[in-house]
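Work through the exercises below with the sequence and the structure at hand. Try each task before reading its solution.

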Amino acid sequence: MERPVRYVGTAKLKMGRWHIDAEPHVLLKLKRVFGGIAKADSQDIQIADSLDVSRDLAWFCERYPLKVTPADFLAARVSEHRERETLVAKLLKGHVDTRRFELTSPPRDYQRQGAEICLATRGTLIGDDLGLGKTVEMICVLTDPRTRPALVVAPTHLQRQWRDEIKKFLPQLSVHILKQTTPYDYSAPKRFRDGQLSLISMHPDVLIVNYHKLHGWVETLAGLVKCVIADEVHELRSGPPRGSGNTKRGSQKYLAFRGIGDRAEFRAGASATPIFNYGGEVFYIIDALNPGALGDYDEFCREHASHVGDKPRLKEPEAFGAELRARGLMIRRTRKDVGRELKPMTRVPHHVDCDESAINAIRSSAGELARIILGQSGRKLEKNEAFLAGGEFDAQLRAATGLAKAPYVAEFVKLLLETETKVVLFGWHRAVYDVWTDLLKDFKPVLYTGSESEKQKDEAKQAFVKGDSRLLIISLRSGAGLDGLQYSGCRTVVFGELDWSPAAHEQCEGRIDRDGQPEPVMAYYLIADSGSDPVVADVLGVKRQQLEGLRDPDGQRGLARLDTGGAHVKRLAEEFLRRQGTSGRHVDTDYAGAPA
C-alpha cells in the first residue's frame, strides 16, 4: 500500500515542510538520503522544503511506493529545479550568452555572469575577491524591471556610496535613503529653491536603508519591494547566542531581512568575507538570501555542522563550499580567475613591547571574572553569570592589551612614516585612539570609527586621500566596503589591535589592496607577548581555515585540521591566570562561550 507524503505550508511562499510516513526500512533509507533528519525520528518525519529537497524527494518516491500530495506542486518544484540547475551550470561554464546590462559604463564579463546567476537563482551570495566590483554586479541586477522597486540594505557609511554608484551607472533610476527607523511618507512633496513643487515618485525605484533601521520598515516594505540586496551581507551572519535568554532564532537584522526578503522575488548579497568567526554562521546568510535552501537551522547543523560551545563549525567546509557553488547559492571569483591580479601583498607579523602595568591594573577584576568563567569562583553561579563574565573579561583584557602596547604601536607607525607617505592604522578602543592621536599628532591623524557621523567620516577620508593628513585611523569593524583609499598614495596598513576574526582583517586590508592600487601593499600585524594577543593570534588560524574552506574548496585540500581545544574566552582566562601565577585549570561550568 502506498504511504503518504504530504506538503504542509504556504505554496505561494514555498517555505513549507514535507511530512513523510513509510515503512520502517524505507524511513531508514530516507535518513541516509536526507542527512538533516534527526536520527531519533521514527514516524511522521518532516523535512523543510527547498528545490533540492523536492528534486531528491521526487527521485526517492520513484524508488519507493509513496503517494505525494499535492503531486502537481512537487512536479512543478522538480521542473523549476531542473531548469535552474541547467541554467546555472551553463552560466558557470560560460556556455550561455549573458545580456548586455545597459549601464553608463559597460560591466565586465564576469560581472555580467554574476548578475545573470543572481537573476537565475533569485537568491545568491556574491563572494568575489575584495575590489572586483560586486556593487556593479548587483546594480546590473537592478536593470531588470522585474526587480523594481528594490531595497538596498547597507552599513550606514556605505549608504551614500550606494546612492552615488546607482546614479553613476543607472542615472534614470530614482533613489531615496530612508533616514528614520519609524516609517514615514517618503513620497511627500519637495520644494526646490526656484519655488516649484515636485513630487518624487510614489515608490522610488531604489530605497536604501542601513541594517539598524531595517526592522522598523518590515511591515511597510514587505510585499512592496520586488528585490532586496544586502551589501556586506555578513551583517546577517549570527543569531542570539545560547544562554543569552533569547529563544527566537536569528538576530534582529536577520529576522528583519527575512521579513522583507521572503516576500520579494529576488534577493542578492555580497561579501568577500561571509564568515567572521566559525563556518556555521553562513546558514543565516544563505537562508536570508535563498529561504529554505539549506533546510531549517537544526537540519543544517545535523547535516553540515558541529558545535564547540555556542559556535557551529562546518564539518567539511571544502565540500560545503563546493556544494554552494554548484547550486548557484554562492559565486566566488578570485582576481586570478578574472585576470585582475594585484601585485602580491605582504603580511608581516611584528612583535612589540607592552606596558605590563596596564594589564596589571585589571588584575583583580579580570582575575575574578576568569575564575567565574573557569568554574573556580567557589560559589554557585547565577543563570547566565558565566556567559556575561566571559564577555566582560574579553572586553577588559583586550582593552588593557590595546592600551599596554599603544605607545609602542605609535612608535612603530612613527618610524614607518619616516619613509612612507601615508599609513592606515586599525584599532578598536577609543582610549587607544586617544593615545595614538596624541603621540602621532605631527602627522595630522584623522579618524574613521564608530563615533563619527557620516559627514565626518567622509571629511576624514577626503583629508587622507588629498594629502591633508598622513595618518588615517580606522576602526576594525567600521571600514568594510570603504572605497577610494587605493588612490591616496598609501600602500601600508598597520593593525595596532587585533580582531578575533580573520575576515575583519581581510576587509581592512582590502581598503587599499584593491583595483586602482599601483603599488604592492604591506600589512603589519603588531602583536604583544602579553594580554590577549597570543591567544587571539592563535585562534585566528582556526577561523581562517573555516573561511578559506568555504570560499575556495579546491585550495584547502590536504591542509591539516586545526582545533582551538575549547571556547576562546576560556583560553584567555586560563592564560591570564597562568601569567598571574594562579591556577588556570578548567573545571566543569555552565559557560557556553561569549560572542566574538
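**Exercise 1. Two helices that cross**

Task: Which hand does the crossing of α2 and α3 have, and at roughly what angle do their axes cross?

Solution.
- Step 1. Take the hand: the crossing in which α2 passes α3 is left-handed.
- Step 2. Locate the helices in this predicted model. Helix α2 covers residues 51-63 and helix α3 covers residues 71-93; their axes come within 8 Å and cross at roughly 115°.
- Step 3. Classify the angle. The range from 65 to 115 degrees counts as roughly perpendicular, so α2 is roughly perpendicular to α3.
- Step 4. List the residues in contact. From α2 come Leu51, Asp52, Ser54, Arg55 and Ala58, and from α3 come Leu74, Arg77, Val78, Glu80, His81, Arg82, Arg84 and Glu85.
- Step 5. Sort them by class: the contact of α2 with α3 has seven charged, four nonpolar and two polar residues.

**Exercise 2. A second pair of helices**

Task: Describe how α15 and α16 pack, using the angle and the distance between their axes.

Solution.
- Step 1. Recall what is needed: two packed helices are described by the angle between their axes and the distance between the axes.
- Step 2. Read the two values. The angle between α15 and α16 is about 30°, and their axes are 9 Å apart.
- Step 3. Classify the angle. Angles under 35 degrees count as roughly parallel, and α15 and α16 are therefore roughly parallel to each other.
- Step 4. Add the hand: α15 passes α16 in a right-handed crossing.
- Step 5. Name the residues that meet. In α15 they are Gly402, Leu403, Ala406, Pro407, Val409, Ala410 and Lys414; in α16 they are Ala431, Val432, Val435, Trp436 and Leu439.
- Step 6. Sort them by class: the contact of α15 with α16 has ten nonpolar residues, one polar and one charged.

**Exercise 3. The buried face of a helix**

Task: Which residues of α16 are buried, and which elements do the buried residues pack against?

Solution.
- Step 1. Helix α16 runs over residues 430-439, and its buried residues are Val432, Tyr433 and Trp436.
- Step 2. Look down the axis of α16: the buried residues fall within an arc of 100°, so they line one face of the helix.
- Step 3. Find the partners. The buried residues of α16 pack against the helix α15 (385-416) and against β17 (423-427), β18 (446-448) and β19 (471-475).

**Exercise 4. Two residues and their surroundings**

Task: Is His304 buried or exposed, and which residues does Asp552 contact outside its neighbours within four places in sequence?

Solution.
- Step 1. Place His304: this residue is in helix α10, residues 297-304.
- Step 2. Apply the cut-off. Buried means under 20% relative accessible area, so His304, at 13% relative accessibility, counts as buried.
- Step 3. Set aside the neighbours of His304 within four places in sequence. His304 then has contacts with Arg313, Leu314, Lys315, Phe320 and Glu323.
- Step 4. Turn to Asp552, which sits in the loop between α19 (533-551) and α20 (568-579).
- Step 5. With neighbours within four places in sequence left out, Asp552 contacts Arg325, Arg332 and Thr334.
- Step 6. Compare sequence and space for one of these contacts: Asp552 and Arg332 are 220 residues apart in sequence, and their C-alpha atoms are 8.0 Å apart.

**Exercise 5. Backbone angles**

Task: In which loops do the cis bonds to Pro70 and Pro149 occur, and what is phi at Phe101 and Lys444?

Solution.
- Step 1. Recall the background: most residues other than glycine have a negative phi, and most peptide bonds are trans.
- Step 2. The bond from Thr69 to Pro70 is cis, with omega near -5°. Pro70 is in the loop between β4 (66-69) and α3.
- Step 3. The bond from Arg148 to Pro149 is also cis, with omega near 5°. Pro149 is in the loop between α5 (134-141) and β6 (150-153).
- Step 4. Phe101, in the loop between α3 and α4 (109-121), has a positive phi near 55°. Its relative accessible area is 4%, so Phe101 is buried.
- Step 5. Lys444, in the loop between α16 and β18, has a positive phi of about 55°. Its relative accessible area is 55%, so Lys444 is exposed.

Terms used. Residues are numbered from 1 along each chain as its sequence is written. This is a predicted model: local features need pLDDT of at least 70, side-chain atom pairs count only at pLDDT 80 or more; totals for chains, interfaces and linings use all residues. Side-chain values use heavy atoms; hydrogens and water are left out. Axes are lines fitted to C-alpha atoms, for helices over the stretch in contact, and angles run from 0 to 180 degrees between N-to-C directions. Helices (H or I, at least four residues) and strands (E, at least two) are DSSP runs, numbered from the N terminus. Angles under 35 degrees count as roughly parallel, over 145 as roughly antiparallel, 65 to 115 as roughly perpendicular and the rest as oblique. A crossing is left-handed if the near helix is turned anticlockwise from the far one by less than a right angle, and right-handed if clockwise. Contact means heavy atoms within 4.5 Å. Ala, Val, Leu, Ile, Met, Phe, Trp, Tyr, Cys and Pro count as nonpolar, Asp, Glu, Lys and Arg as charged, and the others, Gly among them, as polar. Buried means under 20% relative accessible area, exposed over 50%, partly exposed in between (1.4 Å probe, protein chains only). The arc is that of the directions from the helix axis to the C-beta atoms.
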